[in-house]
Amino acid sequence: MFEWMAWTTPVAVFFSCIALMLFGMTLWEIKSPTVMRRGFLPIATTRGDRLFIGLLSAAYVNLAFVGLSGKLVVWMSLESEPSIWISFVLSMGVLALIMRKG
């Protein structure tokens with residue numbers, strides 16, 4: 001069923017984190033219903049809105065990293081492409097920032 005996808009360890013960790021976040025957010029929403037608020041995002045958002053925007057942003061950070069990793073080898077004179085774990089950490093940082101301050 002999933003033969004078409006390259007299930008590397010970083011990809012599996014990334015999707016596992018998303019599943020755990022969705023489960024945790026569901027429990028949090030049941031225990032404490034959300035309230036609309038404004039952060040640095042230009043719209044009033046709920047926790048679920050910020051999670052969705054954060055996940056989209058995290059996906060774009062990962063895609064940009066994958067697209068630029070070949071160029072980084074040339075620009076920075078690296079011996080090999082940088083580890084995908086770098087983009088994982090960056091994307092989770094972006095997600096955490098949006099969830100906290102967005």
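The chain runs α-α-α along its sequence, and its secondary structure amounts to three helices and zero strands. Helices (H or I, at least four residues) and strands (E, at least two) are DSSP runs numbered from the N terminus. This is a predicted model, in which local features need pLDDT of at least 70 and side-chain atom pairs count only at pLDDT 80 or more, while totals for chains, interfaces and linings use all residues. Residues are numbered from 1 along each chain as its sequence is written, and side-chain values use heavy atoms, with hydrogens and water left out.

**Overall dimensions and surface**

The radius of gyration of the chain is 16 Å, whereas a compact globule of 102 residues would have a value near 13 Å. That radius is taken over C-alpha atoms, and the globule rule is 2.2 Å times the number of residues to the power 0.38. The C-alpha trace spans about 50 × 35 × 15 Å along its principal axes.

The chain exposes about 7,200 Å², of which carbon and sulfur atoms supply 73%; the areas come from the Shrake-Rupley method with a 1.4 Å probe, and for residues only the protein chains shown count as cover. Of the 102 residues, 25% are buried. Buried means under 20% relative accessible area, exposed over 50%, and partly exposed in between (1.4 Å probe, protein chains only).

There are 8 positive and 5 negative side chains, with the centres of the two sets 19 Å apart. Lys and Arg count as positive, Asp and Glu as negative, and His and the chain ends are not counted. Each charge is placed at NZ of Lys, CZ of Arg, CG of Asp or CD of Glu.

**Core and contacts**

The largest nonpolar core holds nine residues: F14, I18, M25, L51, L55, A58, F88, M92 and L95. Helix 1 (9–31), helix 2 (47–75) and helix 3 (84–101) are the elements that give two or more residues to this core. A nonpolar core is a set of buried Ala, Val, Leu, Ile, Met, Phe, Trp, Tyr and Cys residues joined through side-chain atoms within 4.5 Å. In soluble globular proteins, nonpolar side chains tend to be buried together.

Among contacts (heavy atoms within 4.5 Å) with a separation of 6 or more, 56% join residues 24 or more positions apart. Leaving aside neighbours within four places in sequence, L51 is in contact with M21, L22, M25, L95 and M99. The C-alpha atoms of L51 and F15 are separated by 14 Å, with the two positions 36 residues apart along the chain as the sequence offset. G48 and M25 are 23 residues apart in sequence and 7.6 Å apart in space, C-alpha to C-alpha.

**Three residues**

| Residue | Location | Relative accessible area | Class |
|---|---|---|---|
| L51 | helix 2 | 6% | buried |
| G48 | helix 2 | 38% | partly exposed |
| S77 | loop between helix 2 and helix 3 | 64% | exposed |

S77 has a phi near 55°, a positive value in a residue other than glycine. Most residues other than glycine have a negative phi.
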